[in-house]
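Biologist: I am new to this structure and would love a close look at a single part. Could you pick a helix pair and walk me through how its members meet?

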Amino acid sequence: MSRRLLVHDWLIPLVVFGVLAAVPELHLSIPKLFDQPVSSPGTMQLLAACVLFGALALTYDLQFGYTGLLSFGHALYIAIGVYLSNIAITDWHWSFWEGVLFTMGVAFMLANVLGFVSMRVGGIAFAMVTLAFAQAGAVLALKDPHHWTHGEEGLGADYTKLPKAFVGILNTKNLYWLALAFLAFVFFVVRWAVESSPGRVWQAIRENEQRVAVLGMRPNLHKVQAFVLSSTLAAGGGIVYMLLYNGSTLAVTAPNFTLTLLLMVVIGGAGSRWGAVLGGILYTYLNDRLVAVGSSSTVEGLPHALRTPLEQPLFLLGVIFILIVFFLPGGLVGIASRGRPSGLRRLQDAIRPEPTLTAPQEDA
Amino acid sequence: MSTFLLLTITGLGLGAMYFLIASGLSLIYGLMGVLNFAHGAFISVGSYGTWWFSANLFDGVHSILLRWLLSSLLGLAAGAVFAGLVELVLIRPLYTRHMEQVLVTVGLSIAFVALLQGIWGNDPKPFVVPAWLHETTTVAGAHIPNDRWVEIATAAVVLASLQLFLRRTRYGLVIRAGVENRAMVQALGIDVRKAFTLVFAIGGIAAAIAGVLSGVYFNDVSPDQGTNLLIFAFIVVVIGGLGSIGGSAVAALVVALTQQYTNYYASAGVGDMVVVLLLGLVLLARPRGFAGAVVGARA
């Protein structure tokens, strides 16, 4: 492994995650960005949500950005994590870790079955089918035939069953670290996966599925693989979500929940790990903070017709999303590479040197 | 027996709405390869437009029936104009880039629902319709709300006129040919893009009609109604076969009736699950839907 490869593959992510991990201990106060000091429970909760959505967006990017699968039903697997882990401990009185194992097992099996069925169709029909399956899950959680989910009330978690470190407002910091650890885990798993040989096939499928089939590989098998990995990771994120919000509500089952993940990934940059993470963090932060902007005195002074849209974070984020699709197809991380493609390509060449090269090539 | 009849007629009424939404989706997909997620917004333009015109423009009209008809007409016009504009401004510049087109319609649907919530709030708005629509007619012992008849009749008229339009007019011919083979139509020197805008406008009208009827069916309009109906319309489109109007009509009836019967005879919510199960079965047996159009070949 060359030194540059080491820097690129390990040092940069470790430094980024290390800095993020140090944030609660720095006792910063950034009044423009956050109302309260950074280490206060309120801000920690927001930051934990940002980091968690960074991770969830990355799990979605694994199937959308890397494999080219447009699913509208990713929320189903997150909801399984959020609900099933909670049902296991609160309704069935299992221990927390039994609940976690059971949840992950169910998510894995279900992703295999539903993945197999929905891969029967391609492209747009696949999107609709995954949407329908997620809708079935949403209806099940809403109607609550077994009195497990408590429908619209939501299900508060039985806190005596949760690990002590994640209970109570003073432990919000720990939840932040948990979310961050999950993000780092997903980040390295996704990188390992997309750089493995099946991962290369996934990206080939995204580029040209027919060619993959002509080469004698089975695209559907590989697509189900990517789908299962992405969905199982999403269920893990759902468990972190349940801990972060102390229970389960129907918000995670809504079709719009998947759409927000799609928005995050495209805003940040599809098919890029940092892009998806950045998109998830930025979107969650803006969705929270734009409410504050909407009620600020500058906006209050505007005429009614202008004020109404500015008070709706989702309207603004939807418009930003459309503008990015039109004018910035690479997302926010695309900006970085836009101005200097040749430089970036040189960098990449330097990172992956040809083994046969004996002397460094001169720049033309 | 009378319960069964009531369920059947109500199911047909619901199926009528599914068909109105699915027909536009199916035509748009068949011709252009665009999954139009903004179709929910078209539904809302129809329902909110009708509600707004009725409350603000025609509030002086004494006859409730006339007031409802006039505001519905303007609501439909708003739906057509809105849909046409969406095609011209948002879809056309991304011509042949199907993924981006889908993404743009997703963004539009999210921004539009948020805008509705911002302007008129989350609360449902009462929908003023002639009292007759909420009275019942007794057929063979079953008391059937009159609005069901209107829904069924409207969908039947729309189905018939769509078929007439597609089979008997020049534009219909261009659209049908475009669904079959768009490249060949263009090669013959016909500007298919005019047909794109037209198909969007037709889809917008049909969705707006569904919006007006959903206002009658549910007694009110709310911001997320459009999206909720859209999900079942998606199921209908896939089961019916993308690009086929007839397939959509049959699938709409099958889906709505299945939903009604199981929701009543099993328990509420089971119907929605059974419909999804049905979708899974159809995909396993016939991945291309009832009508067998080419699914996924353009994606």
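Modeller: What follows is a look at one helix pair in chain B, with a short stop in a loop of chain A afterwards. Please keep in mind that this is a predicted model. The pair consists of helix H9, residues 225-240 of chain B, and helix H10, residues 245-265 of chain B. Their axes come within 8 Å and cross at roughly 125°. An angle from over 115 up to 145 degrees counts as oblique, and H9(B) and H10(B) are therefore oblique to each other. The crossing of H9(B) past H10(B) is right-handed.

Which residues make the contact between H9(B) and H10(B)? From H9(B) come B:Phe232, B:Ile235, B:Val236, B:Val237, B:Ile239 and B:Gly240. H10(B) answers with B:Gly247, B:Ser248, B:Val250, B:Ala251, B:Ala252 and B:Val255. Sorted by class, this contact has nine nonpolar and three polar residues, with no charged ones.

Now for the loop in chain A, which runs between helix H5 (123-143) and strand E1 (155-156). Most residues other than glycine have a negative phi. In this loop, A:Asp144 has a positive phi of about 50°, although it is not a glycine. A:His147 is found in the loop between H5 and E1 too, and its phi is positive at about 55°. Are these residues buried or exposed? A:Asp144 has 16 C-beta neighbours inside 10 Å, so it counts as partly exposed. A:His147 has 8 such neighbours and therefore counts as exposed.

Methods
Residues numbered from 1 in each chain as written. Chains lettered and ligands numbered in written order. Predicted model: local features only at pLDDT ≥ 70, side-chain atom pairs only at ≥ 80, totals over all residues. Helix = DSSP H or I, 4+ residues; strand = E, 2+ residues; numbered from the N terminus. Buried ≥ 20, exposed ≤ 12 C-beta atoms within 10 Å, placed from the backbone. Axes fitted to C-alpha atoms, helices over the stretch in contact; angles between N-to-C directions. Parallel < 35°, antiparallel > 145°, perpendicular 65-115°, else oblique. Left-handed = near helix turned anticlockwise from the far one by under 90°. Contact = placed C-beta atoms within 7 Å. Nonpolar A, V, L, I, M, F, W, Y, C, P; charged D, E, K, R; others polar.
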